[in-house]
Amino acid sequence: MGENASFWESLIYAHPTCTTWKQEAEGSIYHLASIFFVVGFMGGSGFFGLLYVFSLLGLGFLCSSVWAWLDVCAADIFSWNFILFAICFIQFIYVTYQVRSVSFDREFQELYSALFQPLGISLTVYRKIVLCCDAEVVTLEKEHCYAMQGKTPIDKLSLLVSGRIRVTVDGEFLHYIFPLQFLDSPEWDSLRPTEEGIFQVTLTAETDCRYVAWRRKKLYLLFAKHRFISRLFSILIGSDIAEKLYALNDRVQVGALIEFFKMNTAAISPLTVTPLGFVPDLKNATLVPFNETACENWREIHHLVFHVANICFAIGLVIPTTLNLHMIFLRGLLTIGCALFIVWATLYRCALDIMIWNSVFLVVNLLHFIYLLYKRRPIKIEKELSSLYKRMFEPLHVPPELFQRLTGQFCNIQTLKTGQAYAAEDKTSVDDRLSIRLKGKMKVSYRGHFLHNIYPCAFIDSPEFRSTQMNRGEKFQVTIVADDNCKFLCWSRERLTYFLESEPFLYEIFKYLIGKDITNKLYSLNDPTLNDKASKKIDRQPSLCSQLSVMQMRNSMASTSDSEDGLQMFLRGTSSASSL
């Protein structure tokens with residue numbers, strides 16, 4: 001008991017408080033370490049941010065260990081700094097392994113940069129998608145067939161990486177498939193997971209092609225495990241189908257539009273780790289006898305405040321980087337540790353330079369900590385918009401603050417009473433707005449014939465928005481009337497366009513959501529609520545209403561000019577509702 005008491009007394013009571021600052025400054029090695037600390041504390045999050053932080057902090061603790069051994073002659077300072085150096089080194093190796101584990105071949109890296117990264121997909125999520133296709137890119141030689149009409153089973157989903165593929169039915173050309181487009185999205189979307197089918201079109205390589213293929217059953221298992229990936233593929237496939245429909249509509253001019261979409265081929269520099277060599281200055285070095293150390297007399301143990309500060313540092317640095325709140329905990333503990341070091345340097349070490357350096361560390365870490373807390377603050381979304389956010393935007397990892405910016409400045413909530421028109425056929429301009437249904441039901445008709453209803457959480461005028469991006473001054477080709485009291489979120493088209501140009505992530509989300517919505521509108525034209533009289537009239541346009549799936553529609557598009565007119569009418573003027 002006496003020994004324990006003396007130990008705690010040496011920690012707490014054996015250190016008198018400072019009355020004046022000591023005259024001599026700390027050695028140059030200490031100030032070099034402090035420079036490493038300042039630069040390291042300025043690092044951010046993410047894989048490469050963590051590599052930056054742990055590498056520079058590790059160098060700082062290594063220099064502090066050398067300083068404690070050569071200048072201070074303090075065993076506890078040396079021990080703590082060496083322990084912290086070891087923790088940083090281990091964390092650096094671990095993060096480096098994580099970066100290595102999510103590195104990809106050139107083609108997969110280009111695919112990520114062009115398609116998945118703009119949607120905010122992390123490397124770890126993308127790795128799951130790549131592993132699902134066995135990280136393999138398949139080659140299809142020129143004039144070889146990916147699928148043959150009436151023969152090839154639909155058992156996979158493929159994405160073209162390079163080359164160009166020609167789609168034909170009964171020998172008649174339909175459209176091309178370019179890089180970053182799915183080869184068989186209509187076939188995939190037309191079948192349920194338990195159903196089987198056969199291609200009704202022929203897909204032939206016009207050039208040497210490379211594509212990624214996911215086996216159907218394996219991809220559905222991935223969807224079952226990861227809902228976000230399922231949602232992601234849903235909007236990608238839906239938007240791809242919409243693009244194919246527009247390609248069908250414009251196929252008369254397709255010869256003038258053929259071009260290769262080249263992905264960014266910037267070389268991806270592999271991560272290299274350069275070993276740090278320590279070259280001593282032999283000219284100015286102090287010779288030390290073989291059987292002696294630089295410090296002849298080690299100093300006594302330091303005050304408890306010093307050890308508590310190091311414990312805070314150690315706990316912060318040892319927290320697993322995979323923890324969701326890792327950076328908040330790290331910055332918080334580093335801030336506490338720096339505050340304790342200031343107390344120790346001021347009251348017990350009497351070192352002005354140590355106090356100043358730790359004050360700088362405190363400010364840097366405190367600013368980071370406040371910023372991280374600010375980003376994690378709860379965002380209050382209006383009650384009327386909460387269901388829209390949860391259903392359409394939250395599954396795609398759109399941050400609440402970004403959604404609030406989208407809905408707070410550039411749009412307003414409008415109402416329609418029963419019987420009021422949102423758009424009148426051949427009268428209302430399509431250039432003014434883009435809207436999403438929030439509440440109630442709208443009815444869409446064409447020349448007096450009922451087409452379908454519009455339900456909440458669906459765009460009202462996505463086909464018009466998409467088809468008039470290049471052609472302005474057009475009118476609605478359908479009439480949209482409120483079937484009961486309705487509310488909808490309405491953006492000024494011009495202001496929304498400017499805002500999306502400044503937010504690339506949200507621009508990509510909108511692009512795919514609108515594409516998916518157009519595809520859903522196409523499916524909704526088979527709505528069983530159609531009355532018999534209207535059905536008979538609309539059946540005259542087989543491309544719109546008589547087909548059971550987009551796959552069958554694509555096959556029928558080459559047959560008659562009437563079907564071309566019908567598709568063009570849909571793509572330019574038809575609105576429907578189908579929830580995403």
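**Notebook: salt bridges, rings and a small sheet**

Started with Glu503, which counts as buried at 15% relative accessibility. The cut-off I'm using for buried is under 20% relative accessible area. Note to self: this is a predicted model.

**Entry 1, salt bridges.** I looked up what Glu503 pairs with. Arg405 forms a salt bridge with Glu503, and the closest N and O atoms are 2.7 Å apart. This pair links distant parts of the chain: Arg405 belongs to helix α15 (residues 400-408), while Glu503 sits in the loop between α17 (493-502) and α18 (504-524), 98 residues apart. Arg405 counts as partly exposed, at 37% relative accessibility.

Then I ran a search of the whole structure and got 14 salt bridges. One of the others I checked is Arg166 with Glu206, where the side chains meet at 2.9 Å, N to O. Arg166 is in strand β4 (residues 165-169) and Glu206 in the loop between β6 (202-205) and β7, with their positions 40 residues apart in the chain. Is Glu206 buried or exposed? Glu206 is buried, with a relative accessible area of 16%.

I also looked at Lys487 and Glu384, whose side chains meet in a salt bridge of 2.4 Å, N to O. They come from distant parts of the chain, with Lys487 in strand β14 (residues 486-492) and Glu384 in helix α14 (residues 383-393), 103 residues apart. Lys487 is partly exposed at 28% relative accessible area, and Glu384 counts as partly exposed at 33%.

Which residues do shared partners join into one network? I found Glu143, Arg164, Arg166 and Glu206 linked that way by salt bridges.

**Entry 2, aromatic rings.** My search of the whole structure turned up 35 aromatic pairs. In one of them, the ring centres of Phe37 and Phe361 are 5.7 Å apart and the planes stand at 80°, so I noted the pair as edge-to-face. Phe37 is in helix α2 (residues 28-41) and Phe361 in helix α13 (residues 352-375), 324 residues apart. Both Phe37 and Phe361 are buried.

Next I took Tyr112 and Tyr126: centres 4.9 Å apart, planes at 45°, so this pair is tilted. Tyr112 lies in helix α5 (residues 106-116) and Tyr126 in helix α6, 14 residues apart. Both Tyr112 and Tyr126 are buried.

I followed the ring pairs further and they link Phe37, Phe41, Phe61, Phe306, Phe313, Phe341, Trp344, Trp357 and Phe361 into a cluster.

I also checked for charges over rings. Arg164 lies over the face of Tyr176, 5.0 Å from the ring centre. Arg377 does so with Tyr374, at 4.0 Å from the ring centre.

**Entry 3, helix α6.** Back to the helix that holds Tyr126. In α6 (residues 123-132), I find Val125, Tyr126, Ile129, Val130 and Cys132 buried. They lie on the same side of α6, because they cover an arc of only 160° around the axis. After α6 comes Asp134, which has a positive phi, near 65°.

**Entry 4, a sheet.** What is the strand order in the open sheet of 3 strands? I read off β1-β7-β3, with antiparallel pairing. The edge strands are β1 (137-140) and β3 (156-162), each pairing on one side only. From one strand to the next, the twist averages 35°. I noted 4 bridges joining β1 to strand β7 (residues 209-215), and Val138 has Tyr211 as its bridge partner in β7.

Note on methods. Residues are numbered from 1 along each chain as its sequence is written. This is a predicted model: local features need pLDDT of at least 70, side-chain atom pairs count only at pLDDT 80 or more; totals for chains, interfaces and linings use all residues. Side-chain values use heavy atoms; hydrogens and water are left out. Two strands pair if DSSP finds at least two bridges between them. Helices (H or I, at least four residues) and strands (E, at least two) are DSSP runs, numbered from the N terminus. Axes are lines fitted to C-alpha atoms, for helices over the stretch in contact, and angles run from 0 to 180 degrees between N-to-C directions. Buried means under 20% relative accessible area, exposed over 50%, partly exposed in between (1.4 Å probe, protein chains only). The arc is that of the directions from the helix axis to the C-beta atoms. A salt bridge is a side-chain nitrogen of Lys or Arg within 4 Å of a carboxyl oxygen of Asp or Glu. Rings of Phe, Tyr and Trp (its six-membered ring) pair if their centres lie within 6.5 Å; planes under 30 degrees apart count as stacked, over 60 as edge-to-face and the rest as tilted. A charge sits over a ring if NZ of Lys or CZ of Arg is within 6 Å of the ring centre and within 35 degrees of the ring normal.
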